[in-house]
Structure formats: C-alpha cells, structure tokens
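Below is a short note for a colleague who has not yet looked at this structure. Please read it with the sequence and the model side by side.

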Amino acid sequence: MIPIARPLLGKEEIDAVTEIMNSGMIAQGPKVEEFELAFSGYTGCEYAVAVNSGTAALHIALLAHGIGKEDEVITSPFTFIATANSILYTGAKPVFSDIEPDTYNIDPEKIQEKITSKTKAIMPVHLYGHPADMKAIMEIAEDHKLVVIEDACQSHGAECLGKKAGSFGTGAFSFYPTKNMTTSEGGIITTNERKIAEKAKIIRAHGSKVRYLHEMLGFNMRMTDIAAAIGLAQLEKLNGFTVARQKNAAVLSAELQGISGVVPPVTKPGCTHVFHQYTIRANRRDELAAFLKEKGIGTGIHYPIPIHKQPYYTELGYRDSLPVSEKAADDVISLPVHPALSGDDMQRIVKETRGFYIND
C-alpha cells in the first residue's frame with residue numbers, strides 16, 4: 001500500500017534521541033532552546049517558542065495577543081477544526097470567511113465584509129503548503145489595526161513574496177508526524193515581537209516565569225528535549241524534503257494536466273508551494289478514492305465537512321452560507337506526494353489515476 005503520508009525518520013533522529021535519553025534531561029531544557037533558535041532563524045523571525053502541539057501554538061498565540069471573551073477572529077472554514085477550536089478556547093468567536101477556489105486559502109476580498117467593531121484578529125491558514133495572500137491580508141490588518149496570526153501548521157518553508165510563512169504576523173506551526181517535518185508531536189510559535197514571545201513562554205508553563213511564582217493562568221504545553229532533538233534533525237532535512245515534494249508534485253501535475261474532470265493544484269506568482277498535500281479537484285471524487293484504494297494507493301480528503309457545517313458548530317448557531325468552501329469539500333482529494341515515495345510509486349499513482357478517467 002502506498003500511504004498518503006509517511007514520516008521519514010533515520011539514524012540522525014535515533015542518535016539525537018539516544019543522546020537526550022542518556023543525558024537524563026528529557027523534559028524541556030537546552031535542546032528546546034536550541035531548536036527554538038534554529039527554527040526562528042529558518043523562518044527569519046526574531047523569536048520562536050516551542051510547545052507540545054500545533055493546536056497549542058495557535059491557542060497560545062491568541063492568548064499572547066490578548067484575544068479573549070467578546071472578541072472575534074476572522075478565519076477560514078476550510079481547514080482542520082483545530083484552527084477554529086483554538087479561537088473558542090480563548091472565549092473568542094470564530095468568524096468564517098470564504099476561500100479562493102484555486103488555492104483554498106481565505107479570500108482577502110471577502111474578509112472586509114466580516115469585520116466588525118469586535119474583530120481583533122485575522123487567522124489565515126496556509127492550506128496544503130500554499131501561502132495565503134499575505135500582502136493583501138496584512139494591508140487589511142493594518143487598515144483596521146488587527147492582529148494577524150498565521151496558521152502555518154501545513155506550510156513549513158512556504159514563501160510569499162520572498163518571506164516565509166509564519167514571519168508576517170505571529171506564526172503557529174505543527175510538527176505532527178504527517179507534517180513536512182516532525183518532532184513526533186509538537187508545535188512552535190514564531191514572532192518578531194519580544195513581548196509576545198515572553199508572554200507565550202509564560203503561558204506554556206502554568207503562567208510562570210519563575211518557578212512556583214504564577215503571574216497568570218497558564219497551561220502545561222511545553223515541548224520536551226526529546227521532541228526538540230528530533231526537530232533539530234528534521235530541520236536539517238527539511239529543504240531536501242521540500243525539494244522531493246515539489247518534484248513529485250511536478251510529476252503529478254504534468255501527467256494529470258488536461259484530463260477531463262481533474263484540476264491539479266496551482267502555485268500563485270510570488271509564492272513557493274511546499275506541498276504538504278497534493279490536492280486536486282476531481283469529478284466522482286469518492287469513486288476515485290475507492291478505486292485507488294483497491295489499487296493499493298492511499299488518498300485523503302482534507303476536508304470533507306467545512307467547520308461551519310460540523311455538528312458542534314451548528315449547535316453553536318453557525319448558519320453561514322460559504323459556497324466556495326462547501327463546493328471544495330465535495331470535490332477535493334489528496335494524492336500521495338511525500339518524500340518517501342519511489343519512482344515506481346509515482347508511476348503507479350499516475351497510471352491508476354489517469355486510468356480511472358481515461359479508461360472509464
């Protein structure tokens with residue numbers, strides 16, 4: 001079976017973890033600081049704060065900016081539910097704005113109509129590894145004095161106009177095993193604001209900067225040195241992983257372009273797509289998924305139900321009509337693109353996907 005995703009872990013990660021285990025310092029310690037410094041340098045940010053998940057990174061980033069009860073945060077409905085849930089955790093309200101039909105990212109032209117006197121932040125999602133239109137989003141934020149918190153959980157290394165995702169506002173990344181790089185579980189906040197970094201560090205450690213002195217309500221959301229050691233090894237490999245993903249994506253696009261019923265992903269001018277997922281629009285999407293499964297090829301549907309249509313959100317009273325997101329949920333399917341794929345794997349994926357449409 002060709003899986004839709006697979007973490008690539010080797011001797012470097014094993015040796016790094018063994019070193020930490022032998023040291024006796026396995027909780028948050030010097031390796032976390034080393035990883036934070038390395039990742040902030042990679043993204044071009046002044047500061048990075050490592051935490052235990054991408055969801056925690058989003059949650060803490062919001063809290064560090066003072067987002068809370070009665071506030072509204074504009075975000076995308078077409079993403080993993082953690083994006084919106086992190087807003088609810090603070091007591092604020094997610095306000096959903098529809099997406100672009102080609103990148104599946106939040107549409108800047110539709111953000112303006114969602115802004116109210118309660119709006120405090122915009123949370124764009126760099127979905128599938130393609131950056132959102134950050135030039136337009138930052139201009140809107142500046143005009144309305146809004147915070148920008150980038151959900152960069154799927155976009156390690158993606159760029160917009162020469163700047164990396166997560167470096168425009170305050171960024172939040174995930175290191176879940178299926179992401180472009182992993183720490184097994186983990187996340188990180190990136191920022192150029194010292195006060196935001198300092199507050200995030202306090203929040204992740206029970207509201208404490210000095211042991212047993214608690215300045216605010218905080219959480220236990222720290223990263224371990226074990227996770228950070230894996231992250232340092234993975235960060236060294238990230239550029240290579242990205243090149244492999246981009247090469248695999250180029251093969252898929254070249255072979256699938258022009259097939260009736262298939263729309264390959266786009267890369268907008270000025271953007272670098274890192275292909276966390278290779279996501280197409282496909283006629284008879286569910287039939288294609290079943291067919292490829294029979295042929296031993298894994299696929300994924302990211303995401304079959306937009307957040308505003310999820311049962312919990314409808315219970316909260318969400319009744320939005322967001323047709324572009326709803327149509328995407330019906331059409332999209334992701335094909336394997338990860339760097340563990342062999343040349344033979346790529347040929348099988350292309351052959352069977354083409355065959356489903358051309359030989360039908």
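The points below take up the sheet, one helix, two buried residues and some salt bridges.

1. A word on the source comes first. The structure is a predicted model.

2. The sheet is a good place to start. Its 7 strands form an open sheet in the order S1-S9-S8-S5-S4-S2-S3, and the pairing is mixed. Strand S1 (47–51) and strand S3 (93–96) stand at the edges; each has a single partner strand, so one side of each lacks a neighbour in the sheet. On average, neighbouring strands are turned by 25° against each other, direction ignored.

3. Within this sheet, strand S4 (residues 119–123) and strand S5 (residues 147–151) run parallel and pair over 2 bridges. Ile122 has Val148 in S5 as its bridge partner. Helix H4 packs on the sheet and touches S2, S3, S4 and S5, with its direction at about 145° to that of S3. Helix H6 (residues 134–144) lies across S4 and S5 and runs at about 150° to S5.

4. Thr79 sits in the loop between strand S2 (72–75) and helix H4 (82–89). Is this loop residue buried or exposed? Thr79 counts as buried, because its relative accessibility is 4% and the cut-off for buried is under 20%. Its side chain makes a polar contact of 3.0 Å with the side chain of Thr83. Beyond its neighbours within four places in sequence, Thr79 is in contact with Val125, Leu127, Asp151, Tyr303 and Ile307.

5. Helix H12 (residues 343–358) has 16 residues and reaches 22 Å from its first C-alpha to its last, close to the 22 Å expected at 1.5 Å a residue. Its buried residues are Asp345, Met346, Ile349, Val350, Glu352, Thr353, Gly355, Phe356 and Tyr357. An α-helix has 3.6 residues a turn, so residues three or four places apart point the same way. What covers the buried residues of H12? The cover includes helix H8 (225–256), strand S12 (262–263), strand S14 (278–282), H9 and strand S15 (332–335).

6. Leu292 belongs to helix H9 (residues 285–294). Leu292 is buried, with a relative accessible area of 0%. Leaving aside neighbours within four places in sequence, Leu292 is in contact with Ile297, Thr299, Leu335, Glu352 and Thr353. Glu352 and Thr353 are among the buried residues of H12. The C-alpha atoms of Leu292 and Phe356 are separated by 8.5 Å, although the two residues are 64 places apart along the chain.

7. How many salt bridges does a search of the whole structure find? The search finds 15. In one of them, the side chains of Glu12 and Lys237 meet at 2.9 Å, N to O. This pair links distant parts of the chain, with Glu12 in helix H1 (residues 11–23) and Lys237 in helix H8, 225 residues apart. Glu12 is partly exposed at 47% relative accessible area, and Lys237 is partly exposed at 22%. Glu12, Glu13 and Lys237 are linked in a network of salt bridges.

8. Lys268 and Asp102 also meet in a salt bridge through their side chains (3.5 Å, N to O). Lys268 lies in the loop between S12 and strand S13 (271–272) and Asp102 in the loop between S3 and helix H5 (108–111), so the pair ties together parts 166 residues apart in sequence. Lys268 is partly exposed at 30% relative accessibility, and Asp102 is partly exposed at 31% relative accessible area.

Methods. Residues numbered from 1 in each chain as written. Predicted model: local features only at pLDDT ≥ 70, side-chain atom pairs only at ≥ 80, totals over all residues. Heavy atoms only, no water. Helix = DSSP H or I, 4+ residues; strand = E, 2+ residues; numbered from the N terminus. Buried < 20%, exposed > 50% of the residue type's maximum accessible area, 1.4 Å probe, protein only. Contact = heavy atoms within 4.5 Å. Polar contact = N/O pair within 3.5 Å; in protein donor to acceptor, adjacent residues only side chain to side chain. Expected span 1.5 Å × (residues − 1). Pairing = 2+ DSSP bridges. Axes fitted to C-alpha atoms, helices over the stretch in contact; angles between N-to-C directions. Salt bridge = Lys/Arg side-chain N within 4 Å of Asp/Glu carboxyl O.
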